[in-house]
Amino acid sequence: MQPLNRETAPAATQRPVKVLQFGEGNFLRGFVDWIIDILNEKAAFNGDVQVVQPRDRSRSIIQALQQQDGLYHVLLSGIQDGRLLQEKRLITCIAGASNPYDDYDAYLKYGENPDLAFIFSNTTEAGIAYDERDTSINAIPASFPGKLTALLYHRFRHFDGAAGSGLTIIPTELIENNGDALRQVVLQYAQTWNLPAEFSGWVQEHLIFCNTLVDRIVPGFPKENIIEIQQQLGYEDKLVVQAEPYHLLVLEAPASVQQAFPAGEAGLQVKLVEDLTPYRTRKVRILNGAHTVLVPVAYLLGLRTVREAVEDEQAGTFVREAIFREIIPTLDLPEAELEQFARDVLDRFRNPFIRHELISIALNAVAKYKVRVLPSVLEYKKRTGRLPDKLLHALAALILFYKGVWNGEAIPLNDTPEVLHFFAQAWENGSAAEVVGRVLANKDFWDTDLTQVAGLPDMVTAHLQQLLLTEKQMNKA
């Protein structure tokens with residue numbers, strides 16, 4: 001096999017660098033860089049990416065990007081529109097990769113680029129944080145926001161604070177209001193470092209910090225079958241990224257960003273909105289909520305993976321009815337859009353290339369039910385005057401799941417000691433109704449006493465009694 005680089009592969013000539021990217025990991029390369037590569041092909045974006053390693057750690061990916069002239073393949077594998085999809089794409093939009101710890105001055109000079117328009121980042125949820133160790137702009141800051149502030153100040157000085165030198169900053173870290181949070185830390189560094197007030201004004205007036213919602217599962221480097229994949233590609237690609245076909249990027253941004261980042265022209269699932277809250281709620285309630293209700297129900301049926309559960313007649317029917325009949329009616333986006341999202345979610349659950357263990361999703365399942373499912377339960381009752389049967393069946397299954405034993409086999413529970421101790425005590429001598437009462441009344445779990453919701457304790461108890469009867473019949477058999 002040939003090594004992968006711009007001499008051996010039919011890659012496009014390099015374009016102006018319009019994007020500075022903090023992060024070299026699988027997610028950015030399998031999501032953001034994949035999007036930009038398609039923009040170059042289908043929307044005449046005509047922009048390349050300069051990758052910056054945000055922390056001083058292993059340089060292996062940066063070095064591999066340098067060796068491969070920024071080239072690598074993204075492999076999409078999964079179910080899309082009900083059909084199996086496998087697709088490969090050679091990513092050609094990375095112009096360079098560097099570690100700012102090697103040359104801080106060279107890093108700052110990226111801010112002098114007149115073509116630069118966007119900054120993307122993915123530095124883990126802990127990455128957007130102030131670090132008290134960053135006491136001066138003269139030495140390379142340890143934190144990502146510190147490095148960003150230093151680069152922005154260099155740009156501010158180089159262009160004399162011109163309005164046209166502003167940038168659009170798009171963090172993809174998984175925290176709520178990530179753009180607002182990043183702006184706040186940048187301004188905090190500006191104050192701590194005694195930077196001119198004009199700089200802070202420039203940041204607030206001429207930089208756009210987008211709050212974002214991102215969604216794509218990126219398993220990353222397929223080490224199990226990389227030799228076979230490389231043989232199929234015909235190159236010794238050390239940076240192959242595997243990802244699911246589904247993708248979504250939602251940006252809270254003004255219309256000007258749409259013009260500069262014309263994802264709509266490329267047919268990409270990139271939405272620019274005034275408020276991404278409905279999309280965040282949709283994801284939490286449908287995608288995450290479906291995971292949470294599916295886990296205990298499917299596990300007690302003897303299933304162990306998400307794919308097995310969705311393809312099982314009983315569990316699959318259960319989760320579809322929970323989504324379409326009980327969750328979607330509680331949401332405010334257009335029904336057709338919600339139903340398409342739900343169909344995409346079920347396709348993703350059926351992905352044969354991703355083995356998603358139910359027990360791994362069961363981590364801290366009580367807290368997840370509170371955040372992902374309980375709002376749907378309460379909103380459903382508010383809107384219809386009835387209680388959602390499937391969502392409360394899942395709650396009963398969850399309570400039984402936390403008994404820690406099913407049909408004579410131990411369940412490997414994974415939660416805080418306080419939660420596990422509570423359930424051990426609740427199940428020690430209690431009847432179904434008593435256990436349900438204790439669980440629903442626990443304000444530490446739900447921030448409210450759910451026994452006060454009319455009809456809820458009786459419905460959960462009835463479901464739990466039926467599950468216990470099923471277990472009893474299985475033991476007899």
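Okay, let's start with empty space: this structure holds 1 cavity of 30 Å³ or more. Before I go on, keep in mind that we're looking at a predicted model.

So how much space lies in the largest cavity? About 40 Å³.

And which residues line it? Going along the chain, you'll find Thr292, Val295 and Pro296, then Ile361, Ala362, Ala365 and Lys368, and finally Leu398. Two elements, H10 and helix H15, which covers 365-372, each give two or more residues to that lining. H10 gives the most, with 3 residues. If you sort the lining by class, you get 6 nonpolar residues, 1 polar and 1 charged.

Now hang on to H10, since we'll meet that helix again in the packing. The largest nonpolar core has 76 residues. Which element gives the most to this core? Helix H10, residues 277-300, with 11 residues.

Inside that core, a handful of members touch the most other members: Ile286, Ile323, Tyr369, Leu395, Ile399, Phe423 and Trp446. Let's zoom in on one of them, Ile399. Leaving out residues up to four places away in sequence, Ile399 touches two aromatic-named neighbours you can click on, Phe423 and Trp427. Ile399 also touches Val435, Val436, Val439, Val460 and Leu464, with that same sequence cut applied.

Last stop. Apart from the largest core lies another one, made of 43 residues. Among them are Leu39, Ile62, Ala97 and Ala263, so to speak your landmarks for finding that second core on screen.

Methods:
Residues are numbered from 1 along each chain as its sequence is written. This is a predicted model: local features need pLDDT of at least 70, side-chain atom pairs count only at pLDDT 80 or more; totals for chains, interfaces and linings use all residues. Side-chain values use heavy atoms; hydrogens and water are left out. A nonpolar core is a set of buried Ala, Val, Leu, Ile, Met, Phe, Trp, Tyr and Cys residues joined through side-chain atoms within 4.5 Å. Buried means under 20% relative accessible area, exposed over 50%, partly exposed in between (1.4 Å probe, protein chains only). Helices (H or I, at least four residues) and strands (E, at least two) are DSSP runs, numbered from the N terminus. Contact means heavy atoms within 4.5 Å. On a 1 Å grid over the protein atoms alone, a cavity is a set of points where a 1.4 Å probe fits but cannot get out, and a pocket is an open set with protein on both sides within 12 Å along at least five of seven lines; lining residues have an atom within 4 Å of a point. Grid points are joined across faces, edges and corners, and a volume is the space filled by probe spheres set on the points. Ala, Val, Leu, Ile, Met, Phe, Trp, Tyr, Cys and Pro count as nonpolar, Asp, Glu, Lys and Arg as charged, and the others, Gly among them, as polar.
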